[in-house]
Amino acid sequence: MTNLGRLPDLALRSYGGSVVAASDESFAEKEALIRPGPAEFRPHTFGAKGQVYDGWETRRRREPGHDWAVVRLGMPGVIRSIVIDTAWFKGNYPPFASVEACAADAGRSPDELTGWAEIVPRAPLKGDTAHEFEVADRHRFTHVRLNIFPDGGVARMRVHGEVVPDPRFLSGLTVDLAALENGAVVVACSDEFYSSPNNVLAPGQARNQAEGWETARRRDGGNDWLIVALAGAGTVAVAELDTSNLLFNAPGSAALTGIDARAAALEDEDAWFTVLPRTRLQPDTRHRFRLDGDRPLTHVRLDIFPDGGLARLRLLGSLLGDPL
Ligand SMILES: NC(=O)NC(NC(N)=O)C(=O)[O-]
């Protein structure tokens, strides 16, 4: 995976993405395209419609044309790379694919979408392979259309990019400045052995340990940490540190520090100030802390002692201006 592939997947079902239309899904359902996690396969598992695949699979075309599927992004934004993964589709993958994108209001139905721009030109595909394509177009998009030529199966499509929220739903309001959907993102992290640190910024609650951030057991006497670039410069009034599902591996304690990167570099250790002093944590608990500081900040560093991880980090506050 490239560095672009580490950006959040804007299309992920658990981030609110939806496969809103497809030309065909006779063999396997279109919804699988954006399912979290890698595609699974059990050979010789035949149902009434053929081998069961964890992916989107169309019938063998007997007339001209090609198949397509339209995905509404859960989090609109600037797309930086697309992964088209043909995992397990070995004799029935599409030999070519392309991707288009457009921007539309949430109220548009799939057949009302217009202004499609080609962001991945038609490219050859291999079977059982994750193909990553870099995207150069820097517009904000809300939908993507995967075209396959002429037909076949695709296990997963990942749409990695930078979230660009609608400022009307942030400015002047109390919001979670650390939410992925508001444009926050993890920019540095000590350890992502078991799961992505961006999971702590994901929408909703973590249903299990894997939906949070979990680090490896640390043996060097140090502690694990991550740095979040907030939705924009703002002030934080409430911090929520959620250890849900971490029963025997929750950190013993945690601390938050902040910095205003408009005035100092992240590397300037003296510019970081305390937001939440080191505080004891309980396993499997949503801890909420009312903060009294009103210093503007753009980034927050979470330190956990010594290791473990966190299910969610919420930082309720307000932006000073528009999102970054
Ligand atoms: N063995 C198969 O996978 N065959 C076919 N696909 C399914 N799902 O059975 C096909 O024709 O593409």
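Biologist: Let's start with Asn182. Is Asn182 buried or exposed?

Modeller: Keep in mind that this is a predicted model. A residue counts as buried once 20 or more other C-beta atoms lie within 10 Å of its own. Asn182 has 21 other C-beta atoms within 10 Å, so Asn182 is buried.

Biologist: Which residues is Asn182 in contact with, leaving aside its neighbours within four places in sequence?

Modeller: Asn182 sits in the loop between β12 (175–176) and β13 (185–189). Its C-alpha atom is separated by 5.5 Å from that of Pro165, and the two are 17 residues apart along the chain. Pro165 is on the contact list too, and the full list is Pro165, Leu170, Val175, Asp176, Leu177 and Ala231.

Biologist: Okay, over to Arg158. Why is Arg158 called buried?

Modeller: Arg158 is found in strand β11, residues 156–163. The cut-off for buried is 20 or more other C-beta atoms within 10 Å. Arg158 makes that cut because the count of other C-beta atoms within 10 Å is 22.

Biologist: And which residues does Arg158 touch, not counting those up to four places away in sequence?

Modeller: Asp111 makes a handy contrast: its C-alpha atom and that of Arg158 are separated by 23 Å, with their places 47 residues apart along the chain. The residues Arg158 does touch are Asp9, Ala11, Ile82 and Val83.

Biologist: How many residues does the largest nonpolar core have, and where does this core lie?

Modeller: Val71, Met157, Ala178, Ala184 and Leu201 have the most contacts inside the core, which has 79 residues. Both domains give residues to this core, so it lies between domain 1 (4–163) and domain 2 (167–319).

Biologist: Which residues is Met157 in contact with, again leaving aside neighbours within four places in sequence?

Modeller: Met157 is one of the residues with the most contacts inside that core. Val71, also named there, is among its partners. The whole set is Ala11, Leu33, Ile34, Val71, Ile82, Val83, Ile84 and Leu146.

Biologist: How many residues does each domain bring to the contact between domain 1 and domain 2?

Modeller: The centres of domain 1 and domain 2, taken over C-alpha atoms, are separated by 32 Å. On the domain 1 side, the touching residues are four nonpolar, two polar and no charged. The contact takes six residues from domain 1 and, from domain 2, seven residues.

Biologist: Last one: which residues surround the ligand?

Modeller: The predictor gives the complex an ipTM of 0.94. By class, the shell around the ligand has two nonpolar, three polar and two charged residues. By name, they are Phe27, Gly50, Gln51, Tyr53, Glu57, Arg60 and Asn92.

Key: Residues are numbered from 1 along each chain as its sequence is written. This is a predicted model: local features need pLDDT of at least 70, side-chain atom pairs count only at pLDDT 80 or more; totals for chains, interfaces and linings use all residues. A residue is near a molecule or strand if its C-beta atom, placed from the backbone, lies within 6 Å of it. Ala, Val, Leu, Ile, Met, Phe, Trp, Tyr, Cys and Pro count as nonpolar, Asp, Glu, Lys and Arg as charged, and the others, Gly among them, as polar. A nonpolar core is a set of buried Ala, Val, Leu, Ile, Met, Phe, Trp, Tyr and Cys residues joined through C-beta atoms within 7 Å. A residue is buried if 20 or more other C-beta atoms lie within 10 Å of its own, exposed if 12 or fewer, and partly exposed in between; C-beta atoms are placed from the backbone. Domain bounds come from an automatic or database domain assignment. Two residues are in contact if their C-beta atoms, placed from the backbone, lie within 7 Å. Helices (H or I, at least four residues) and strands (E, at least two) are DSSP runs, numbered from the N terminus.
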